[in-house]
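Reader: Hi! Could you walk me through this one? I'm new to reading structures.
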Amino acid sequence: ATASQWKNRTIYQIVTDRFATTGAQSSCNLDARQYCGGNLRGIIQKLDYIQGMGFDAIWISPVVSNTDLQGQTGYHGYWSKDIYSINPHFGTADDLKALSSALHSRGMLLMVDVVANHMGPQDKGASTGTSQYTSLYTPFSDPSHYHNFCTITNYNDQNNVEQCWLGSSPQDGLPDLNTENPAVVNLWNSWIKGLVSNYTVDGIRIDTVKHVRKDFWPGFVSSAGVYSIGEVFQGDPAYVGPYQQVMDGLLNYPLYYPLTRAFQKTNQGFNELINMVNSIRTNFKDPMALGNFLENQDNPRFPSITSDTALNTNAITYVLTGDGIPIIYYGEEQRYAGGNDPYNREALWGSGYPTNSPLYVHIQKVNKLRKKVQSASDAPLSTPLTSLYNSSNAWAFKKGNMLVVLSSAGQNSGTQTVSISSSSLPVTQMTDILSCSTFNVNSGGSISVTLNKGLPAVLYPTSGLGGSGLCGR
Ligand code: ABC
Ligand code: CA
């Protein structure tokens, strides 16, 4: 699928080992960093759970066979050993094909995570350079396929970031591929082409993008031939933006930090977040092709930063309604609260997969509205948001005919009235699809929206809700 097809989607991010299992639902010791039994067939069995929340795409862990490192394993999938075989812990090539077709028969898309910067850490043994252990890997089994060992010490030195290894020693570091070697480039380009066609993959999430020279990527993404979204783990939009010259989208790290700060405590104001939304517009070629997120496998889950459930709900509401493609990390809907890696990779079977928990239902409602907005051709989701009002504890913006009112007053606040006035508002009755309360836009273009207990409102013209399944319509 193309970037423009992905822009209307909502993505559910899965750590394959931790989302669903077809085996015993044993408890998962996070500290141990072992495989806990999640697999591809487990995902197939839980597609109703995902689609029930309104997601129409999933992103799964890297699928290739991984190395094990002295007591730790590649349960997360980022430690490639043999790029031509499927990680047996996750299933078989046929299981991956079955997942792909199960998704497609539901009208959903498959995104696979891929890593081209490095291979997995070597098992015990080699102590110097690269030459002693390269035979571990397929197909990168020649020393010329790797950069010599050096550790990344200076993130301001792009050469150091690209040519050196992640990790502090040859033993636990990630062998850095020589992505300048034409043999390596050719192997990667034909591999990604094969992966996409063998498994009918619709999009790729690319790992460690800033650790490979920029001009490696156009050949790789054009060989893939589908939407690509890269990980450049950096908060500065001026640093990340140029990467959109070499691939379709990026994970929106520049947004992530101000978004977290706006909702990590009450009454933090919205200026920093609004400024970032604007700065992203000037630094990126296509802001709507960026992937917005609040949680992922590398950062502490949001509820580990604040226990305020209203702040959490507001932050998620921005991810679902702001500019860009929403990405929700598995377990976010159940308010899992793990901290940094490895504690943010809980086994979801521990939850029992309830479909009535508050955030599950919240995400479901907003996704229903997204579908409705998407089918209303007058004002699509790709319309950039317009900020209409902000204060120390509220922010209102319009996107198409949707009016979103976010609050940072917190769960212990009472009622909060936000009065918005703009000639761009339709003079009509609006329904908050979360509470089902209605509010009128008067002929002067002003509306007063009442929020309760710090929860947001997501409003849409009542007359446009027919067939949405929202608020009895
Ligand atoms: C394992 C252990 C960890 C241990 C680590 C050293 O080894 O589990 O407990 O701390 C995979 C696994 C991890 C595993 C690693 C290493 O491999 O998932 O569990 O950690 O073996 C991607 C993936 C990630 C994956 C890999 C490796 C890469 O999303 O899941 O990890 O394939 C860097 C990379 C980034 C990478 C991330 C983990 O490390 O650039 O691609 N993620 C700064 C740097 C970033 C750096 C980040 C985190 O710190 O600039 O480059 O990311 O270390 C902002 C700044 C940012 C700054 C942040 C912290 O603050 O703007 O620049 O990021 O304000
Ligand atoms: Ca590199």
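**Pockets and a calcium site**

Author: Happy to! The largest pocket has a volume of about 650 Å³. A pocket is an open set of points on a 1 Å grid over the protein atoms alone, where a 1.4 Å probe fits, with protein on both sides within 12 Å along at least five of seven lines. The volume is the space filled by probe spheres set on the points. This is a predicted model: local features need pLDDT of at least 70, side-chain atom pairs count only at pLDDT 80 or more, and totals for chains, interfaces and linings use all residues. Residues are numbered from 1 along each chain as its sequence is written, and ligands from 1 in the order in which they are written.

Reader: Which residues lie nearest the centre of the largest pocket?

Author: Trp79, Leu174, Asp298, Asp341 and Arg345, out of 24 that line it (an atom within 4 Å of a point).

Reader: New topic: what coordinates the calcium ion (ligand 2)?

Author: Its donors, meaning N, O and S atoms within 3.2 Å for Ca, come from Asn117 (OD1), Glu162 (O), Asp176 (OD, listed twice) and His211 (O), at 2.3 to 2.7 Å. Along the chain they follow the spacing N-x44-E-x13-D-x34-H.

Reader: Is Asn117 buried or exposed?

Author: Asn117 counts as buried (under 20% relative accessible area, 1.4 Å probe, protein chains only), because its relative accessibility is 1%. Asp176 also has 1% relative accessibility, so it counts as buried.

Reader: And how much space lies in the second largest pocket?

Author: About 350 Å³. Among the 23 residues that line this second pocket, Leu434, Ser435, Asn452, Leu455 and Pro456 are the closest to its centre.

Note on methods: Heavy atoms only, no water. Donors = N, O, S within 2.8 Å, 3.2 Å for Na, K, Ca; no water. Buried < 20%, exposed > 50% of the residue type's maximum accessible area, 1.4 Å probe, protein only.
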